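Work through the exercises below with the sequence and the structure at hand. Each task is followed by a solution in steps.

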Amino acid sequence: MSVKLFGLLLVFLFFTLIGFYQSYKLTRRRNNLGEILLFLNRMETNIRYRNDDIFTLVFECAEDILVPLKNAVDIEGYHSEIQSLPLEKQDKALLTKFFSGLGSTDIEGQLSHIKLYRELFNEQYEKSKEDIIKKSKLYRMLGLFSGLAFVVMFI
């Protein structure tokens with residue numbers, strides 16, 4: 001009898017943790033998008049006031065989740081490094097498009113390019129904040145109640 005209760009407790013914890021993990025993923029996405037926005041702001045400032053090449057600027061501006069970008073030596077390298085980042089599929093696609101157009105125009109064109117993608121990432125950031133408000137508690141409660149329903153079914 002106690003083995004059965006222990007097993008049900010483990011199943012309950014499993015479902016609950018799944019719900020909390022899904023909620024955590026929403027928060028992690030918002031934080032990652034915030035880091036990308038900081039990266040874009042740093043890039044804009046450095047392009048505006050320094051005369052270094054794009055690869056040097058990316059190397060100096062990439063921090064936190066974007067550290068793998070420091071390993072890239074060309075645009076193709078950025079595309080492969082982006083795939084290893086802990087980002088959602090749509091965020092990776094947007095970042096890939098950003099790097100595809102980076103370094104292909106003059107300084108004003110680069111600044112416009114960064115401004116465009118900063119606005120696009122800002123929209124994603126705002127959507128992620130809304131998702132946290134709308135879905136975070138739902139995921140936690142869904143996991144908790146799914147676990148409870150499973151336990152009640154087998155008691």
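**Exercise 1.** Which residues form one aromatic cluster with Phe14? Classify the ring pair of Phe14 and Phe15 as well.

Solution. The model is predicted, so local features need pLDDT of at least 70 and side-chain atom pairs count only at pLDDT 80 or more, while totals for chains, interfaces and linings use all residues. Residues are numbered from 1 along each chain as its sequence is written, and side-chain values use heavy atoms, with hydrogens and water left out.

Step 1. Apply the pairing rule: rings of Phe, Tyr and Trp (its six-membered ring) pair if their centres lie within 6.5 Å; planes under 30 degrees apart count as stacked, over 60 as edge-to-face and the rest as tilted.

Step 2. Searching the whole structure gives seven aromatic pairs. For Phe14 and Phe15 the ring centres are 5.9 Å apart and the planes stand at 70°, so this pair is edge-to-face.

Step 3. The cluster consists of Phe14, Phe15, Phe150 and Phe154.

Step 4. Phe15 has 27% relative accessibility and therefore counts as partly exposed (buried is under 20% relative accessible area, exposed over 50%, partly exposed in between, with a 1.4 Å probe and protein chains only).

**Exercise 2.** Describe the ring pair of Phe39 and Phe99, and place both residues in the nonpolar core.

Step 1. The ring centres of Phe39 and Phe99 are 6.2 Å apart with planes at 45°, so the pair is tilted.

Step 2. Distant parts of the chain are linked by this pair: Phe39 belongs to helix α1 and Phe99 to helix α4 (residues 89-101), 60 residues apart. Helices are DSSP runs (H or I, at least four residues), as strands are (E, at least two), numbered from the N terminus.

Step 3. Phe39 is buried, at 0% relative accessible area; Phe99 is buried, at 0% relative accessibility.

Step 4. A nonpolar core is a set of buried Ala, Val, Leu, Ile, Met, Phe, Trp, Tyr and Cys residues joined through side-chain atoms within 4.5 Å. The largest one has 29 residues, of which Phe39, Leu95 and Phe99 touch the most other members.

Step 5. At least two residues of this core come from each of α1, α2 (54-61), α3, α4 and α5. The largest share, seven residues, is supplied by α1.

**Exercise 3.** How do α1 and α5 run relative to each other, and where does Ser128 lie?

Step 1. Helix α1 (residues 2-49) packs against helix α5 (residues 107-153) at about 170°, with the axes 8 Å apart. Axes are lines fitted to C-alpha atoms, for helices over the stretch in contact, and angles run from 0 to 180 degrees between N-to-C directions.

Step 2. The two helices are therefore roughly antiparallel (angles under 35 degrees count as roughly parallel, over 145 as roughly antiparallel, 65 to 115 as roughly perpendicular, the rest as oblique).

Step 3. Ser128 lies in helix α5 and, at 1% relative accessibility, counts as buried. Apart from neighbours within four places in sequence, Ser128 is in contact (heavy atoms within 4.5 Å) with Arg29, Arg30 and Leu33.

**Exercise 4.** What is the orientation of α4 to α5?

Step 1. These helices pack at an angle of about 175°, with axes 10 Å apart, which makes α4 roughly antiparallel to α5.

Step 2. Among the contact residues are Leu94, Leu95 and Phe98 of α4 and Ile114, Tyr117 and Phe121 of α5.
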